[in-house]
Amino acid sequence: MDDPREKGQVEKGRFVRLHRFMKRDDGGVVNNPLRANIALTLERERAKRGLSHMHMAELFRTAEGEKLAYRTYIQTVRQKNNVTLTTLQIMANGLQVSFAGLLAGGKKVPEWAHRLDDNAIRKRLAHIIDFERQRRTLHRYEMAKLIGVAEATFTKLERASGNISVDTIAGIAKALKLDPATFLFSEKIPPTADLPVSD
């Protein structure tokens with residue numbers, strides 16, 4: 001029988017599926033370097049500010065002023081949350097750090113990468129997937145199978161839509177044999193001129 005922990009989780013009232021290449025260990029932790037990088041950055045920023053976890057979580061608010069759930073924050077720190085790009089943007093804004101900084105976890109990324117927001121990351125991922133699909137001369141359904149997503153999910157990725165999770169990003173990187181922490185910011189695939197950037 002399938003382990004229900006392998007299926008996914010509920011985040012902000014929505015079900016977020018675990019990517020098929022990402023598996024939990026016996027402690028419930030997924031071996032995903034992006035989760036580790038995000039947790040490391042959150043802990044580093046919390047220590048720098050001298051805040052308790054409760055006070056740290058209070059920094060994270062949506063554009064409408066709604067607080068991010070404490071549980072979402074603490075599960076992210078514990079690497080048990082398949083956090084989405086929208087939630088990461090809230091965290092980056094609250095900490096006044098770059099999105100790339102959260103994902104890269106201290107690894108060096110190009111200066112332009114620090115200006116990317118969650119929408120730009122979606123576009124960047126779509127651009128990389130398309131670049132890799134064309135480089136490998138694959139049909140869309142073949143690329144979807146390669147990166148481990150359903151064709152409907154592939155269509156969303158290709159259109160830079162949907163609330164993509166870090167497990168999906170890491171799963172795609174793993175399937176393409178790329179470093180999950182830095183492939184979105186690789187200079188080998190230059191950024192497109194139309195990428196939106198955060199202020």
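This is a walk through the fold, from the whole chain down to single residues.

The model is predicted. The protein has nine helices and two strands. Along the sequence, the order is β-β-α-α-α-α-α-α-α-α-α. The two strands thus lead the pattern, and the helices follow. Of the 199 residues, 48% count as buried. The accessible surface comes to about 10400 Å². Carbon and sulfur atoms hold 51% of that surface. Contacts across the sequence matter for reading what follows. Among contacts with a separation of 6 or more, 66% link residues 24 or more positions apart.

Take helix H3 to begin with. H3 spans residues 70–77 and is mostly covered. Six of its eight residues are buried. They are Thr 72, Tyr 73, Ile 74, Gln 75, Thr 76 and Val 77. What lies over them? The cover of the buried H3 residues includes helix H1 (33–49), helix H2 (53–57) and helix H4 (85–95). Just after H3, the backbone at Gln 79 takes a positive phi of about 65°.

The loop that comes next holds a residue to look at. Asn 81 is found between H3 and H4. Is Asn 81 buried or exposed? Its relative accessible area is 5%, and buried means under 20%, so Asn 81 is buried. What does the side chain of Asn 81 reach? One partner is the backbone oxygen of Thr 72, at 3.2 Å. Another is the side chain of Thr 76, in a polar contact of 2.8 Å. Both Thr 72 and Thr 76 are among the buried residues of H3. The loop residue Asn 81 therefore pairs a buried position with contacts back to Thr 72 and Thr 76.

Now move to helix H6, residues 118–135. H6 packs on helix H8, which covers residues 151–158. Their axes are 8 Å apart, at an angle of about 115°. The two helices are therefore roughly perpendicular to each other. From H6, the contact uses Leu 125, Ala 126, Ile 129 and Arg 133. From H8, it uses Phe 154, Leu 157 and Glu 158. By class, the residues of this H6–H8 contact are five nonpolar, no polar and two charged.

Arg 133 of H6 deserves its own look. Arg 133 has a relative accessible area of 10%; the cut-off for buried is under 20%, so Arg 133 counts as buried. Which residues does Arg 133 touch, beyond those up to four places away in sequence? They are Leu 138, His 139, Arg 140, Met 143, Phe 154 and Glu 158. Phe 154 and Glu 158 also appear on the H8 side of the H6–H8 contact. Arg 140 and Met 143 belong to helix H7.

H7 comes next, at residues 140–147. The axes of H7 and H8 come within 9 Å and cross at roughly 100°. That makes H7 roughly perpendicular to H8. On the H7 side, the meeting residues are Arg 140, Tyr 141, Met 143, Ala 144 and Ile 147. On the H8 side, they are Glu 151, Phe 154, Leu 157 and Glu 158. This contact has six nonpolar, no polar and three charged residues. Phe 154, Leu 157 and Glu 158 of H8 serve in the contact with H6 and in the contact with H7.

The walk ends at helix H9, residues 166–175. How many of the 10 residues of H9 are buried? Nine are, and the helix is mostly covered. The buried set is Val 166, Asp 167, Thr 168, Ile 169, Ala 170, Gly 171, Ile 172, Ala 173 and Ala 175. Their cover includes H1, H4, helix H5 (99–104), H6, H7 and H8. After H9 comes Lys 177, with a positive phi near 60°.

Within H9, look at Ile 169. Its relative accessible area is 0%, and Ile 169 is buried. Leaving out residues up to four places away in sequence, Ile 169 touches Leu 34, Leu 85, Leu 125, Ile 164, Phe 183 and Leu 184. Leu 125 is also one of the H6 residues in the contact with H8. Phe 183 sits 14 residues from Ile 169 along the chain, and their C-alpha atoms are separated by 9.7 Å.

Note on methods. Residues are numbered from 1 along each chain as its sequence is written. This is a predicted model: local features need pLDDT of at least 70, side-chain atom pairs count only at pLDDT 80 or more; totals for chains, interfaces and linings use all residues. Side-chain values use heavy atoms; hydrogens and water are left out. Helices (H or I, at least four residues) and strands (E, at least two) are DSSP runs, numbered from the N terminus. Buried means under 20% relative accessible area, exposed over 50%, partly exposed in between (1.4 Å probe, protein chains only). Contact means heavy atoms within 4.5 Å. Accessible areas come from the Shrake-Rupley method with a 1.4 Å probe; for residues, only the protein chains shown count as cover. Axes are lines fitted to C-alpha atoms, for helices over the stretch in contact, and angles run from 0 to 180 degrees between N-to-C directions. Angles under 35 degrees count as roughly parallel, over 145 as roughly antiparallel, 65 to 115 as roughly perpendicular and the rest as oblique. Ala, Val, Leu, Ile, Met, Phe, Trp, Tyr, Cys and Pro count as nonpolar, Asp, Glu, Lys and Arg as charged, and the others, Gly among them, as polar. A polar contact is a pair of N or O atoms within 3.5 Å; within protein, one must be able to donate a hydrogen and the other to accept it, and residues adjacent in sequence count only if both atoms are side-chain atoms.
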